[in-house]
Amino acid sequence: MAERVDTARLLTLRAADCADRGHDVTREFAMAKINATQAAVDNANRAVQLHGGLGYTTEYHVERYLRDAKLLTIAGGPNEGHKDTLAKAVIEQDGE
(Lines give C-alpha, C1' and ligand atoms only; values in the text may rest on other atoms or scores of the structure.)
Protein backbone atom coordinates (compact mmCIF):
# COMPACT_ATOMS: atom_id res chain seq x y z
CA MET A 1 0.00 0.00 0.00
CA ALA A 2 2.86 2.36 0.80
CA GLU A 3 4.42 1.61 -2.57
CA ARG A 4 1.24 2.72 -4.36
CA VAL A 5 1.13 5.95 -2.35
CA ASP A 6 4.79 6.72 -3.10
CA THR A 7 4.32 6.01 -6.81
CA ALA A 8 1.29 8.30 -6.94
CA ARG A 9 3.17 11.02 -5.07
CA LEU A 10 6.17 10.81 -7.40
CA LEU A 11 4.00 10.95 -10.54
CA THR A 12 2.19 13.97 -9.12
CA LEU A 13 5.45 15.72 -8.27
CA ARG A 14 6.80 14.98 -11.75
CA ALA A 15 3.68 16.46 -13.33
CA ALA A 16 3.97 19.56 -11.15
CA ASP A 17 7.66 19.95 -12.03
CA CYS A 18 6.88 19.71 -15.74
CA ALA A 19 4.13 22.31 -15.33
CA ASP A 20 6.50 24.63 -13.47
CA ARG A 21 8.95 24.32 -16.36
CA GLY A 22 6.25 25.27 -18.87
CA HIS A 23 6.06 21.88 -20.61
CA ASP A 24 2.92 20.30 -22.01
CA VAL A 25 1.70 18.23 -19.08
CA THR A 26 -1.29 16.49 -20.63
CA ARG A 27 0.39 13.09 -20.40
CA GLU A 28 1.86 13.62 -16.93
CA PHE A 29 -1.35 14.99 -15.41
CA ALA A 30 -3.42 12.14 -16.83
CA MET A 31 -0.97 9.53 -15.53
CA ALA A 32 -0.82 11.14 -12.10
CA LYS A 33 -4.61 11.41 -11.76
CA ILE A 34 -5.29 7.87 -12.94
CA ASN A 35 -2.56 6.35 -10.79
CA ALA A 36 -3.34 8.32 -7.63
CA THR A 37 -7.07 7.74 -7.69
CA GLN A 38 -6.75 4.05 -8.51
CA ALA A 39 -4.18 3.65 -5.73
CA ALA A 40 -6.60 5.31 -3.32
CA VAL A 41 -9.38 2.89 -4.30
CA ASP A 42 -7.13 -0.16 -4.13
CA ASN A 43 -5.63 0.84 -0.78
CA ALA A 44 -9.01 1.66 0.74
CA ASN A 45 -10.40 -1.64 -0.51
CA ARG A 46 -7.48 -3.49 1.07
CA ALA A 47 -8.08 -1.64 4.33
CA VAL A 48 -11.72 -2.73 4.29
CA GLN A 49 -10.62 -6.31 3.67
CA LEU A 50 -8.14 -6.15 6.55
CA HIS A 51 -10.91 -5.01 8.88
CA GLY A 52 -13.18 -7.85 7.75
CA GLY A 53 -16.90 -7.32 8.37
CA LEU A 54 -16.17 -4.33 10.58
CA GLY A 55 -14.68 -2.59 7.55
CA TYR A 56 -18.21 -2.05 6.25
CA THR A 57 -19.53 -0.52 9.46
CA THR A 58 -19.48 3.16 10.31
CA GLU A 59 -17.68 2.28 13.54
CA TYR A 60 -14.42 2.48 11.58
CA HIS A 61 -13.50 5.12 9.02
CA VAL A 62 -12.34 2.73 6.31
CA GLU A 63 -15.82 2.36 4.81
CA ARG A 64 -15.90 6.13 4.26
CA TYR A 65 -12.39 6.09 2.80
CA LEU A 66 -13.50 3.56 0.21
CA ARG A 67 -16.54 5.64 -0.75
CA ASP A 68 -14.46 8.82 -0.93
CA ALA A 69 -11.71 7.12 -2.95
CA LYS A 70 -14.19 5.79 -5.49
CA LEU A 71 -15.58 9.30 -5.93
CA LEU A 72 -12.08 10.52 -6.81
CA THR A 73 -12.09 8.30 -9.92
CA ILE A 74 -15.11 10.28 -11.16
CA ALA A 75 -14.48 13.82 -9.85
CA GLY A 76 -12.17 15.95 -11.95
CA GLY A 77 -13.17 13.93 -14.99
CA PRO A 78 -13.70 10.20 -15.00
CA ASN A 79 -10.59 8.05 -15.17
CA GLU A 80 -11.86 6.51 -18.41
CA GLY A 81 -11.71 9.93 -20.06
CA HIS A 82 -8.23 10.50 -18.69
CA LYS A 83 -7.15 7.13 -20.07
CA ASP A 84 -8.28 8.26 -23.53
CA THR A 85 -6.40 11.53 -23.08
CA LEU A 86 -3.31 9.66 -21.97
CA ALA A 87 -3.46 7.28 -24.92
CA LYS A 88 -3.69 10.19 -27.37
CA ALA A 89 -0.81 12.01 -25.67
CA VAL A 90 1.38 8.90 -25.76
CA ILE A 91 0.66 8.33 -29.45
CA GLU A 92 1.36 11.98 -30.29
CA GLN A 93 4.57 12.06 -28.26
CA ASP A 94 5.91 8.79 -29.59
CA GLY A 95 4.90 9.58 -33.16
CA GLU A 96 3.10 6.30 -33.72
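Begin by selecting helix α1 together with helix α2, and look at how α1 passes α2 in a left-handed crossing. This is a predicted model, and colouring the chain by pLDDT is a useful preparation for the tour: the average over the chain is 90, with 99% of the residues scoring at least 70. Among the elements of the chain, α1 has the highest mean pLDDT, 96, while helix α4 has the lowest, 84.

Stay with the pair already selected, which covers residues 2-20 for α1 and residues 26-51 for α2. Their axes lie 9 Å apart and the helices pack at an angle of about 160 degrees; because angles over 145 degrees count as roughly antiparallel, α1 and α2 are roughly antiparallel to each other. Now show the side chains where the two meet: on the α1 side these include Val 5, Ala 8, Leu 11, Ala 15 and Cys 18, and on the α2 side Phe 29, Ala 32, Ala 36 and Ala 39 are among them. By class, this contact of α1 with α2 holds 12 nonpolar, five polar and four charged residues.

Next, select α2 alone and follow it from end to end. At 1.5 Å a residue, its 26 residues should span 38 Å, and the end C-alpha atoms are indeed 38 Å apart, which agrees. Just after α2 comes Gly 52, whose phi is positive, near 65 degrees.

Keep α2 and add helix α3, residues 62-72, whose axis comes within 8 Å of that of α2 and crosses at roughly 160 degrees. That angle makes α2 roughly antiparallel to α3, and the crossing of the two is left-handed. To see the contact, display residues of α2 including Val 41, Ala 44, Val 48 and His 51, and residues of α3 including Val 62, Tyr 65, Leu 66 and Ala 69. Sorted by class, the contact of α2 with α3 has 10 nonpolar, three polar and three charged residues.

Finally, replace α3 with α4, residues 79-94. The axes of α2 and α4 come within 9 Å and cross at roughly 145 degrees, and α2 passes α4 in a left-handed crossing. Among the residues that meet here are Ala 30, Met 31, Ile 34 and Gln 38 from α2, with His 82, Leu 86, Ala 89 and Val 90 from α4. The residues of this contact divide into six nonpolar, seven polar and four charged.

Before closing the viewer, colour two residues of α2 separately: Lys 33 and Thr 37 each appear in the contact with α3 and also in the contact with α4.

Key:
Residues numbered from 1 in each chain as written. Predicted model: local features only at pLDDT ≥ 70, side-chain atom pairs only at ≥ 80, totals over all residues. Heavy atoms only, no water. Axes fitted to C-alpha atoms, helices over the stretch in contact; angles between N-to-C directions. Helix = DSSP H or I, 4+ residues; strand = E, 2+ residues; numbered from the N terminus. Parallel < 35°, antiparallel > 145°, perpendicular 65-115°, else oblique. Left-handed = near helix turned anticlockwise from the far one by under 90°. Contact = heavy atoms within 4.5 Å. Nonpolar A, V, L, I, M, F, W, Y, C, P; charged D, E, K, R; others polar. Expected span 1.5 Å × (residues − 1). pLDDT = per-residue confidence, 0-100.
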